[in-house]
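Biologist: Hi, have you got a minute to go through this model with me? I'd like to look at some helices and strands.

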Amino acid sequence: MNKRRGFSIWPVVVLILMIAYMLYTTIQRGNTGNYSYTQFVRDLEAGTAISQVVIEPNQELPSGTIYAMKDGKQYSFYTADVGRVEQEMLDHGYTNYTTTDVVRPSWIEQNIVYLIMAGALIFFLFFFISGQQNAGGNKMMNFGKSRARMTREGVNNIRFKNVAGLEEEKEDLEEIVDFLKNPQKYTKVGARIPKGVILVGPPGTGKTLMAKAVAGEAGVPFFSISGSDFVEMYVGVGASRVRDLFADAKKNAPCIIFIDEIDAVARRRGTGMGGSHDEREQTLNQLLVEMDGFGVNEGIIVMAATNRVDILDPAILRPGRFDRKVAVGRPDVRGRREILDVHVKGKPLGDDVDLDQIAQTTAGFTGADLENLMNESAIAAAKEGRAYIVQNDIRQSFVRVGIGKEKKSRVISDKEKRITAYHEAGHAILFHVLPDVGPVYSVSIIPTGIGAAGSTMPLPEKDEMFNTKGKMIQDIIVSLGGRVAEELIFDDITTGASQDIKSATGTAKAMVTQFGMSDKVGLICYADDENEVFIGRDLAHARGYGENVASAIDGEIKRIIDECHQEARRIITEHIDVLHSCAKLLIEKEKISREEFEALFTDKALTDSQ
């Protein structure tokens, strides 16, 4: 940067020199702007006004310059004929003049401008080529340097108080912070602090934020780098960057090295087919050596984050490298409430906003999802010209985040609208009737940003750590509700249920092959090996069972789907009146809320009792 600043002054210097020369050649000697031939003749007639005259002919005769001394000052003017001026002086009897030789400028004076321009051009070319060579050399020299960004103590303002909803995870990492602050407390009793901590969890749960909070609490330098920054197409570059990273860390120990998305460099070895995979394996080997090899890395703690821990090489997960595995999962209802408190700071809220209700109705949301939800709500409020967020803004943003923006301007025929209304009404009835999958949050026949003609959005009211067989069966039944409604009402079917059928098939297949929920197939896992995540899975994957088992699996999947289809048909037939009422209301209003939908069942119950 300094070199470029120093180099930029030379054009200014050259320009100043050229301007100075041009001014010099223009001004020459004396002042020629306030004296003329007429004044000169008038002074000659005066007799005593001019004391001395010098005639300086030019090379282009008969022109020249006349210099006259008057009152102790020198004046000059240009004339096209020096002979006429000389004759004028003789006519007036003035003889105190001298005539110099013809001014013949030197070759340098004649070509000074061209010489300066040529010199400046050579100068610029020389420094440009030299700068390019130096830049190329620097790039080559820095190619194997670490790309990690170091944040020093005092710059990182993130603390554990900025991380909400991860209380147990923070407790696991407080020991790391305590060791970095007071290492003697542990070393005097022979304890070894974990050399590495890997944060595992779904995207958006706060793994990177947690690592920054550890560095902020400890008050130590924090090196952050992405796993993809190590790997290049040139073999050996990644390993060199790993060595350089740990060399920098040793100079700043105690410190923390954080590798985000470590699965980009630490995938299981021996699964590639050459090329960049060889470079990745060399990089991983160097990382393994640096973390727990012959070298000594006192005071360096390596933290990493990934959402694909299943594909990491076993060697990097063993004790001595990543000693601890901290699971950063999706927050529960209390965690979501705490996260909402963090993300509503700086956002004015209306009196009707209920954060407790939002936390209850956002089951499955991560911290990033909640931040996005509140940001979308703030955008919606600003779009309406309000200075605060109301509950309706959050409700609309919840739908946008969940199923995409509604395309209300899209023109739909009455036939398609009627088919979509019955399709979504079929889903909604099953969501309401089945105990483990509802209730319904909203039903809409407005096309959304995900390409769907309509949507039925459920509202999970509780957090669930695992699925049961009964709930998975109900999920399949709900998925088939739209197709069943089309069959009952139109005596025909459409392609609108394609995604529903795909979802139902995937759930049924997982029940049979992965979760052992089929009596005929048994408690055996026939699912594909998820560890084979490289090209080899697609090219050379060997199925771990024979044709008879494959046939049995296919039969069980079909049986589950058929039984769920029949159950969906039975339930919707039983509530056919609600199906018609819901479809009619959807055609009229295009979108109905939970209260409006549940009122249809209340009206049906009153009608049946009468």
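Biologist: Let's start with helices H16 and H17: at what angle do their axes cross?

Modeller: Happy to help, and keep in mind that this is a predicted model. The axes of H16 (residues 414-433) and H17 (residues 469-479) cross at roughly 155° and come within 8 Å. Since angles over 145 degrees count as roughly antiparallel, that makes H16 roughly antiparallel to H17.

Biologist: Which residues make the contact?

Modeller: On the H16 side there are His-427, Leu-430 and Phe-431, and H17 brings Ile-477, Val-478 and Ser-479.

Biologist: And how do those divide into nonpolar, polar and charged?

Modeller: Four are nonpolar, two are polar and no charged residue takes part.

Biologist: Okay, new topic. In what order do the strands S11, S12 and S13 sit in their sheet?

Modeller: The order is S12-S11-S13, in an open sheet with antiparallel pairing. S12 (455-458) and S13 (591-593) are the edge strands with a single partner strand each, so one side of each has no neighbour in the sheet. From one strand to the next, the twist averages 10°.

Biologist: What packs on that sheet?

Modeller: Helix H22, residues 576-589, does, touching S11 and S13. The direction of H22 makes about 120° with that of S13.

Biologist: Back to the strands for a second: how many bridges join S11 to S12?

Modeller: Four bridges, with S11 covering residues 440-444 and the two strands running antiparallel. One pair to click on is Ser-442 with its bridge partner Met-457 in S12.

Biologist: Nice. Now over to S2: is that strand largely enclosed or not, and why?

Modeller: S2 (residues 64-70) is largely enclosed by the rest of the structure, because five of its seven residues are buried.

Biologist: Which strands does S2 pair with?

Modeller: S2 pairs with S1 (residues 50-57) in the antiparallel sense, over seven bridges. S2 also pairs with S3 (residues 73-79), again antiparallel and over seven bridges.

Biologist: Can you point me to some residue pairs there?

Modeller: Sure. Val-53 stands opposite Ala-68 in S2, and for Tyr-67 the bridge partner in S3 is Ser-76.

Biologist: Last one: how many residues lie between S2 and S3 in their hairpin?

Modeller: Two residues lie between them. Have a look at Asp-71 in that turn, which has a positive phi of about 55°.

Biologist: Great, thanks, I'll go and look at that turn.

Key. Residues numbered from 1 in each chain as written. Predicted model: local features only at pLDDT ≥ 70, side-chain atom pairs only at ≥ 80, totals over all residues. Heavy atoms only, no water. Pairing = 2+ DSSP bridges. Axes fitted to C-alpha atoms, helices over the stretch in contact; angles between N-to-C directions. Contact = heavy atoms within 4.5 Å. Parallel < 35°, antiparallel > 145°, perpendicular 65-115°, else oblique. Nonpolar A, V, L, I, M, F, W, Y, C, P; charged D, E, K, R; others polar. Buried < 20%, exposed > 50% of the residue type's maximum accessible area, 1.4 Å probe, protein only.
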